[in-house]
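Colleague: I should like to learn how to read surface exposure, charged pairs and strand pairing in a model. Could we take these topics in turn?

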Amino acid sequence: MKYEYLSIQALPAWARLNGVSLSGVAFRRFSAEEGTDRGSAIVCSADKGSTIGPVEDDGSSCVLLTVQSDLVLSLQAVEDYAKSDPYLREVLEAVGEMGRTARGAILIFLLIHLSYSSPDFTSGSHKIGVSNAWTEYLKFMPASVPLPTFYSAEERELLRGTSLKPALDAKLASLDREFEHLRQCTEGIAWCQEYWWDEEKGTLRLDDWKYVDALYRSRSVDLPGSGHSMVPCIDMANHASEGTVKALYETDASGKAVLQLRSGKTLNAGEEVTISYGASKSAAEMIFSYGFLEDDRVGAGNMVVPFDISDDDPLKLAKKMFHSNTSGIHVSAADSTTTIVDWSRSLVWWASVNEEDGLDFKVLQTTDGDKELRAIWKGEDVDTPAKIGDILAAESLWEVFQLRAVVTIITLLESQLAELHGIDEIIADFRRDEAMLKTLFDPDVFRLLCRFRVLEAELLKRGIDELFSRRTLLLRSETVIDYLKSQQEDDFS
């Protein structure tokens, strides 16, 4: 689908027309010569200083930008728009549950309003749509959003071995399913069939669904009183790391969305007004949702390494059926020297025990005739999968079970690190051949992902070192020493 765009210079006029108040700020588009494309931004047009305290009705706090509550795009707002827009209402009703979630409703709203103003729609039998302020505001959106869902196949290969690859694979599969669901649900709506799905004139493509998803992921906020929402103009504010961020978004006493200076902060004329997209977000989360990493980022923060029980485990199927949580192994940097490897929510404890230890599974028939899988530990029911850690902690061989888990995770993280290093030589070759690099990759994406790979490799190494230290301590345990001796004696008997 073709989109219509407006220059950022026209945004102040849109803001005035729709009751958006600007107080000493302006909108600016960064040029390509200024480095990596950061798109549009909010800049200070006059020196500003903040006062301490919340937004007050008398404006005593330093408010930079105010957006009327009826411009905030939330689930409730979409439902309200649908009351007077039969085209939007038809699609929301057709897609069912997807249209009753904040994300689903907002994505459909964005898609329909992009369709309303698309040059492609002028060729239809009649003009459709009920325009509102968002119809015009969407024309200020970027032509492309640099999120991983738009990476080429070659760029996705650079994610091999990182925690972002499985997340991106799952996201792409989910977007594909959602788009097909949208197609199946709306093919019977006359205007959708004509404008979206007709074999000759239909213009809607999977990339259009990816585009509205990218807008939502990179621009939505959790606004007090409205939940996950998109807020025009405030969404032009770029991210800065927690130590340098100058502003924050909030809801004032009358329900308006405001951008205000943080307490104790000042802004000079010409300085960019920045907010935080989330101080605790990992490197993978920043790339996944926003398509960049902070310039001053020094670590990956945290990552999740997928874990599965070995195919050699005779109880693998039963364990996975009973324990449906597949959250994986969490590796995080608590600070510059401390790394935490957490597997409390994963299958690792279940992978560490078997029948010879006292684990069994039984299929029982319930009172209503259904069948239920039950886990049994030494003759006693394990009520919930999460209890296995506490059960094992009460056993005399607790340190043995810990050792098994640690060894299993060391193997997993070493395998992940080896996969991460698996294409290092290929990446080095691309760096030496600049012409080939530019042919296959966006240079900004290439630099971003090379940096990301280094950060996650460093975190994996730190996690492995932490586990080696833990393994050493466990191997010194008298319980472990006695157990290993008994195993040796059994092997030779």
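Modeller: Let us begin with a definition: a residue counts as buried under 20% relative accessible area, as exposed over 50%, and as partly exposed in between. Please bear in mind that this is a predicted model.

Colleague: Is arginine 432 buried or exposed?

Modeller: Arginine 432 has a relative accessible area of 63%, and the cut-off for exposed is over 50%, so arginine 432 is exposed. Aspartate 429, at 42% relative accessibility, counts as partly exposed.

Colleague: How should one read a contact between charged side chains?

Modeller: Side chains of opposite charge can pair when their charged atoms come close. Here, the side chains of aspartate 429 and arginine 432 form a salt bridge, with an N to O distance of 2.3 Å. Both residues belong to helix α15 (residues 424-432), where they are three residues apart, about one turn of the helix.

Colleague: How many salt bridges does the structure hold?

Modeller: There are 31 salt bridges in the structure. One of them joins the side chains of glutamate 178 and arginine 103 at 2.8 Å, N to O. This pair links distant parts of the chain, 75 residues apart: glutamate 178 lies in helix α7 (residues 164-186) and arginine 103 in helix α4 (residues 102-117). Glutamate 178 has 14% relative accessibility and therefore counts as buried.

Colleague: Which residues are joined into one network by salt bridges that share partners?

Modeller: The network consists of Arg103, Lys171, Glu178, Asp213 and Arg217. Another salt bridge brings together the side chains of glutamate 395 and lysine 378, at 2.6 Å, N to O. Glutamate 395 is in the loop between α13 (388-393) and α14 (398-421), while lysine 378 is in the loop between β17 (371-377) and β18 (380-382), 17 residues apart.

Colleague: How does one read the pairing of strands?

Modeller: Strands of a sheet pair through backbone hydrogen bonds, either parallel or antiparallel. In this model, four strands form an open sheet in the order β1-β5-β10-β9, and their pairing is antiparallel. Its edge strands, β1 (21-22) and β9 (247-251), each pair on one side only.

Colleague: How many bridges join β9 to strand β10?

Modeller: Five bridges connect β9 with β10 (residues 257-261), and the two strands run antiparallel. Among the bridge partners, alanine 247 is matched with leucine 261 in β10, and leucine 248 with glutamine 260 in β10. The hairpin of β9 and β10 has five residues between the strands, and glycine 255 takes a positive phi near 90° in this hairpin.

Key. Residues numbered from 1 in each chain as written. Predicted model: local features only at pLDDT ≥ 70, side-chain atom pairs only at ≥ 80, totals over all residues. Heavy atoms only, no water. Pairing = 2+ DSSP bridges. Salt bridge = Lys/Arg side-chain N within 4 Å of Asp/Glu carboxyl O. Buried < 20%, exposed > 50% of the residue type's maximum accessible area, 1.4 Å probe, protein only.
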